[in-house]
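This report covers the cysteines, the sheet and the helix packed across it. The sequence and the structure come first.

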Amino acid sequence: METVLPSDCGNAPRIGIVGDFAVNWAMGDEAAVSSWLLADTEWTLVGDGTYRGPDAGVSTFPAFKPERVELISIITHGRLASCDGYLEAAGKRVCFSHAFRFASTSKTAGIAELRSYCIAL
């Protein structure tokens with residue numbers, strides 16, 4: 001799978017965390033995604049529903065395994081972060097955006113809330 005990440009300065013540790021999380025989500029890596037979700041995490045997939053807990057990611061994974069994942073931007077500030085990009089495979093494309101709220105500003109803090117927008121083209 002081809003992965004393209006933005007070429008930021010990398011001074012914010014959460015940029016790497018958010019980038020890795022988004023790629024793991026795109027690949028449907030349940031263990032990697034669940035490791036960042038708290039027992040009371042709320043993950044809203046806009047237009048679909050809200051899922052809770054460390055297994056919430058399973059209900060939000062893309063319907064296909066991408067051949068290419070590109071993150072266009074990653075923005076972090078304190079407990080908040082966001083990223084957007086797209087997935088592609090066999091003529092399918094899904095554009096996505098994730099908005100994160102971490103439990104604290106610690107580099108190891110889990111994700112308390114996540115809101116995702118996905119649009120299939």
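Cys83 counts as buried because its relative accessibility is 2%, where buried means under 20% relative accessible area, exposed over 50% and partly exposed in between, with a 1.4 Å probe and protein chains only. The model is predicted: local features need pLDDT of at least 70, side-chain atom pairs count only at pLDDT 80 or more, and totals for chains, interfaces and linings use all residues. Residues are numbered from 1 along each chain as its sequence is written, and side-chain values use heavy atoms, with hydrogens and water left out.

A search of the whole structure for disulfides, meaning pairs of cysteine sulfur atoms within 2.5 Å, finds zero. The table gives two cysteines that are in no disulfide.

| Cysteine | Nearest cysteine sulfur | Distance | Relative accessibility |
|---|---|---|---|
| Cys83 | Cys118 | 10 Å | 2%, buried |
| Cys118 | Cys95 | 9.5 Å | 31%, partly exposed |

Ser82 lies in strand 5 (residues 80-89). Strands (E, at least two residues) and helices (H or I, at least four) are DSSP runs numbered from the N terminus. Ser82 is partly exposed, at 23% relative accessibility. Beyond its neighbours within four places in sequence, Ser82 has contacts (heavy atoms within 4.5 Å) with Val18, Ser73, Ile74, Ile75, His98, Ala99 and Phe100.

Seven strands make up an open sheet with mixed pairing, in the order 1-4-5-6-7-2-3; two strands pair if DSSP finds at least two bridges between them. Strand 1 (2-4) and strand 3 are at the edges with a single partner strand each, so one side of each has no neighbour in the sheet. From one strand to the next the twist averages 20°.

At one edge, strand 2 (residues 37-45) and strand 3 (residues 49-52) run antiparallel, joined by four bridges. Trp43 has Tyr51 as its bridge partner in strand 3, and Thr44 has Thr50. The two strands form a hairpin with three residues between them, and Gly47 in the turn has a positive phi of about 90°.

Helix 1 lies across strands 1, 2, 4 (68-77), 5, 6 (92-102) and 7 (111-120), at about 145° to strand 4. Such angles run from 0 to 180 degrees between N-to-C directions, with axes fitted to C-alpha atoms, for helices over the stretch in contact. The buried residues of helix 1 include Ile15, Val18, Phe21 and Trp25. Helix 1 (residues 13-27) has 15 residues and should span 21 Å at 1.5 Å a residue, which agrees with the 22 Å between its end C-alpha atoms; the expected span is 1.5 Å times one less than the number of residues. Gly28 follows helix 1 and has a positive phi, near 70°.
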